[in-house]
Amino acid sequence: MILKEFLELRRDKRTMAMIIVLPLVLLIVFGYAANFRVDDVPTHVYGPQAKAVAAQLKAPFDVDKVDPAGTADEAEDALREQDAGAVVMTTASGPGSTVLIDGSNLFAAQSAAAAAAATGGVLKPEVLFNPDLKTSWVMVPALVGMIMAFIGTIITAIGLVRERQAGTLEQLAVMPFKASDVIGGKIAPYFVLAAFDMVLVTVLGCLLFGVPFAGNAAVLALGAALFLFTVLGIGVLISSVSQNQGQAMQMALLTLMPQILLSGMIFPLDAMAPGVRWIGYLFPLTYFNMISNGVMLRDAPIDSLALPLGVLAGMAILVFTAAVLRFRRDLAPAAPKAARKAALAGSTR
């Protein structure tokens with residue numbers, strides 16, 4: 001029996017991949033990414049004494065812009081658009097400078113606020129967008145994306161595999177539908193359900209945890225739509241290479257776990273090792289987190305979110321195209337088989 005189980009495991013390549021790949025993913029994530037300390041916070045220094053103060057700043061303040069003519073409004077805009085994580089405002093006279101900190105980037109804000117407090121009043125911290133540095137304010141926008149990713153990937157993959165096992169795919173093969181029509185019709189209900197869940201979680205998060213919704217709902221809806229198309233396409237791709245629901249679940253979890261751990265939702269991207277950080281930038285959840293966080297907490301304008309929106313649009317097109325091509329391959333061999341069954345049923349009558 002022991003030998004039989006080993007032989008079956010060897011034949012089940014997907015289960016073997018889970019056994020081998022998952023521990024490696026966990027090792028890499030918790031070895032290189034599990035770090036809550038941010039050592040470098042991009043910092044701008046504005047005001048009359050900008051050059052002198054910038055020369056005195058130490059870690060975690062990483063000065064990348066010095067502007068003696070910078071104003072408080074420009075400082076807030078730099079934080080809102082995430083050009084900087086902190087802005088030091090100097091004055092012509094007076095011993096102290098004010099440090100404006102982006103509270104929507106929780107761990108970087110905590111590092112910057114602690115460093116400012118340690119100067120003994122030389123730097124006076126002022127946190128924007130999340131004044132009390134509440135974890136729930138940062139987690140709720142991220143949870144919106146995580147929930148949509150779970151529904152879009154797992155439920156779609158399992159639902160389509162169930163239909164393949166039930167023989168529905170063969171029936172669709174003899175109908176006058178394109179592969180894109182079939183995929184569109186299959187994912188539409190999941191799109192609606194995931195969109196409903198997104199609205200529900202967003203509203204409840206704002207009501208229960210006091211999370212603000214400072215930005216434009218239309219911008220969040222656009223980002224959510226692009227993100228949903230991407231994760232639904234991933235679900236279709238998983239279903240096309242899975243023979244049963246167990247395999248679909250395994251592959252879905254294999255794609256979801258790295259997204260959750262490396263998207264900046266749990267561990268800050270800025271604190272990760274460079275190699276692991278770039279892996280995080282390959283996942284759609286990373287970019288949706290940027291959009292939801294920016295819209296809900298910072299009232300970020302759409303032009304400052306052009307990069308994550310553009311990346312999600314590219315991912316949606318790429319994944320949906322791959323899903324259509326793969327699904328077309330599945331429909332082609334099923335068509336003759338379905339036609340034979342229909343002819344046999346007709347002759348029997």
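This report walks through a surface patch, a five-stranded sheet and one helix of a predicted model.

**The nonpolar patch**

Start at the N-terminal end of the numbering, where Ile2, Phe6, Leu9, Ile19, Ile20, Val21, Leu24 and Leu27 make up a nonpolar patch on the surface. Taken together, these residues have about 780 Å² of accessible area. Two elements, α1 (2-11) and α2 (13-33), each give two or more residues to the patch. The top contributor is α2, with five residues. A bit of helix geometry is handy when you look at a patch like this: an α-helix has 3.6 residues a turn, so residues three or four places apart point the same way.

Leu9 is worth a click on its own. This residue sits in helix α1, and its relative accessibility is 31%, so Leu9 counts as partly exposed. The band for that label runs from 20% to 50%.

**The sheet**

Next comes an open sheet of five strands, ordered β2-β1-β3-β4-β5, with mixed pairing. At the edges you'll find β2 (61-67) and β5 (123-128), each of which pairs on one side only. On average, and ignoring direction, neighbouring strands here are turned by 25° against each other.

In general, strands of a sheet pair through backbone hydrogen bonds, and the pairing can be parallel or antiparallel. Strand β4 (residues 97-102) shows both senses: with β5 the pairing is parallel, while with β3 (residues 86-89) the pairing is antiparallel. Here are the two pairings side by side:

| Strand pair | Sense | Bridges |
|---|---|---|
| β4 and β5 | parallel | six bridges |
| β3 and β4 | antiparallel | four bridges |

If you want residues to pick out, Thr98 stands opposite Lys124 in β5, and Asp102 stands opposite Leu128, also in β5. Towards β3, Val88 has Val99 of β4 as its bridge partner.

How enclosed is β4 by the rest of the structure? Largely, because five of its six residues are buried. Buried here means under 20% relative accessible area.

**Helix α12**

Last up is helix α12, covering residues 284-298. Does its length fall in line with or depart from what 1.5 Å a residue would give? For 15 residues the expected span is 21 Å, and the end C-alpha atoms are 21 Å apart, so the two agree. The expected value uses one less than the number of residues, which is why 15 residues lead to 21 Å.

This helix is also mostly covered, with 14 of the 15 residues of α12 buried. Right after α12 comes Asp299, which has a positive phi near 55°.

Definitions and conventions. Residues are numbered from 1 along each chain as its sequence is written. This is a predicted model: local features need pLDDT of at least 70, side-chain atom pairs count only at pLDDT 80 or more; totals for chains, interfaces and linings use all residues. Side-chain values use heavy atoms; hydrogens and water are left out. Patches are made of residues with over 30% relative accessible area and no salt bridge: like charges are joined within 9 Å, nonpolar side chains (Val, Leu, Ile, Met, Phe, Trp, Tyr) within 5 Å. Accessible areas come from the Shrake-Rupley method with a 1.4 Å probe; for residues, only the protein chains shown count as cover. A salt bridge is a side-chain nitrogen of Lys or Arg within 4 Å of a carboxyl oxygen of Asp or Glu. Buried means under 20% relative accessible area, exposed over 50%, partly exposed in between (1.4 Å probe, protein chains only). Two strands pair if DSSP finds at least two bridges between them. Axes are lines fitted to C-alpha atoms, for helices over the stretch in contact, and angles run from 0 to 180 degrees between N-to-C directions.
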